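Let's take a walk through this fold together. Have the model open and ready to rotate as you read.

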Amino acid sequence: MNEFDARVPRGTLSFRVVTQHADIPAFLELAREAHRESRFSYIPFSADKVAKIAGLALKDDKRHGIFIAARGYVPVGFAYCTLGEYHIGTDVLIATIHNINVSREERQRLAGGRAALGLLNRVKSWARARGASEILFHVTSGIKLERTHRLAKRLGYATIGGSYAFILNTRS
């Protein structure tokens, strides 16, 4: 039994940090769903890579964070972030959100944005507690980009550039 099973009322939204191996199956399924829906769905999904990411977070929670949102006992979203130095600089830590996704079903609820808001707030608290100077939020999934942009702006994220893709091979 995981922490979502008995402690949270059925319809309540809750959040937790992935801290135990029992959390990995929920993270794996949420990542699989996010991948299937994203613009990267043509790339074969790797459960092994997801498990490796989870292992890094379990081994080093100072540098890797995974957060799960659940409605009652059902996981409905996740965020994965890391903390490190700027690749050509020193002495300043930057948090990077590599992936954040809320299930399609949860996004369609009247209060669907609350899961994303809660996950982003958990990342912010995690990064602040580890001494990060900023959080980079890369949005490349192709899912609800306008909605994500509005939420990020509302939370105080500044636009500092853009994401571009040059497709070299046609997708089958």
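Where in the chain is the place of Asp-91? Look at the loop between β3 and β4, and there you'll find Asp-91. Keep in mind that what you're looking at is a predicted model. The backbone at Asp-91 has a phi near 70°, a positive value in a residue other than glycine. As for its surroundings, Asp-91 has a relative accessible area of 70%, so it counts as exposed.

There's another residue of that kind further along. Lys-144 isn't a glycine either, yet its phi is positive, at about 45°. You'll see Lys-144 in the loop between β5 and α6. With a relative accessible area of 45%, Lys-144 is partly exposed.

Now zoom out for the overall layout. The chain has six helices and five strands. Reading from the N terminus, the order of elements is α-β-α-α-β-β-β-α-α-β-α. The radius of gyration is 16 Å, close to the 16 Å from the globule rule for 172 residues, so the chain is as compact as a globular protein of that length. If you want a box to put it in, the C-alpha trace spans about 45 × 45 × 35 Å along its principal axes. Of the 172 residues, 35% count as buried. On the outside, the chain exposes about 10900 Å², and carbon and sulfur atoms supply 53% of that area. Sequence separation is worth a glance too: take the contacts between residues at least 6 apart in sequence, and 60% of them join residues at least 24 apart.

Let's go back to the strands. β2 and β3 pair in the antiparallel sense, with eight bridges between them. These two strands make a hairpin, and two residues sit between them. Gly-72 is in that turn, with a positive phi of about 65°. To find your place along the pairing, look for Arg-71, which stands opposite Val-74 in β3. β3 also pairs with β4, again in the antiparallel sense, this time over nine bridges. Here a handy landmark is Ala-79, whose bridge partner in β4 is Ile-100. One thing to bear in mind as you trace side chains here: in a regular strand they alternate between the two faces of the sheet.

What about the inside? The largest nonpolar core has 22 residues, and those with the most contacts inside it are Phe-67, Ile-97, Val-123, Ile-135 and Tyr-157. Two or more residues each come from β2 (64-71), β3 (74-85), β4 (93-102), α5 (113-129), β5 (134-137) and α6 (145-154). The largest share belongs to α5, which gives seven residues. Val-123 is a good place to center your view. Setting aside neighbours within four places in sequence, Val-123 is in contact with Phe-67, Ala-79, Cys-81, Ile-97 and Ile-135. A second core, separate from this one, has 15 residues, among them Ile-24, Phe-27, Leu-28 and Ala-34.

That leaves the charged residues. Side chains of opposite charge can pair when their charged atoms come close. How many salt bridges does the count come to? Six. One of them is between the side chains of Arg-16 and Asp-23, at 2.7 Å from N to O, and both of these residues are buried.

Next, find the salt bridge between Arg-107 and Glu-37, where the closest N and O atoms are 2.3 Å apart. This one links distant parts of the chain: Arg-107 belongs to helix α4 (residues 104-107), Glu-37 to helix α2 (residues 24-37), and they are 70 residues apart. Is Arg-107 buried or exposed? Its relative accessible area is 13%, and the cut-off for buried is under 20%, so Arg-107 is buried.

Finally, the side chains of Arg-109 and Glu-106 meet in a salt bridge of 3.8 Å, N to O. The two partners sit in contrasting settings: Arg-109 is partly exposed at 40% relative accessible area, whereas Glu-106 counts as buried at 3%. Around here there's also a network to pick out, in which salt bridges with shared partners join Glu-37, Arg-104 and Arg-107.

Definitions and conventions
Residues are numbered from 1 along each chain as its sequence is written. This is a predicted model: local features need pLDDT of at least 70, side-chain atom pairs count only at pLDDT 80 or more; totals for chains, interfaces and linings use all residues. Side-chain values use heavy atoms; hydrogens and water are left out. A nonpolar core is a set of buried Ala, Val, Leu, Ile, Met, Phe, Trp, Tyr and Cys residues joined through side-chain atoms within 4.5 Å. Buried means under 20% relative accessible area, exposed over 50%, partly exposed in between (1.4 Å probe, protein chains only). Helices (H or I, at least four residues) and strands (E, at least two) are DSSP runs, numbered from the N terminus. Contact means heavy atoms within 4.5 Å. Two strands pair if DSSP finds at least two bridges between them. The radius of gyration is taken over C-alpha atoms; the globule rule is 2.2 Å times the number of residues to the power 0.38. Accessible areas come from the Shrake-Rupley method with a 1.4 Å probe; for residues, only the protein chains shown count as cover. A salt bridge is a side-chain nitrogen of Lys or Arg within 4 Å of a carboxyl oxygen of Asp or Glu.
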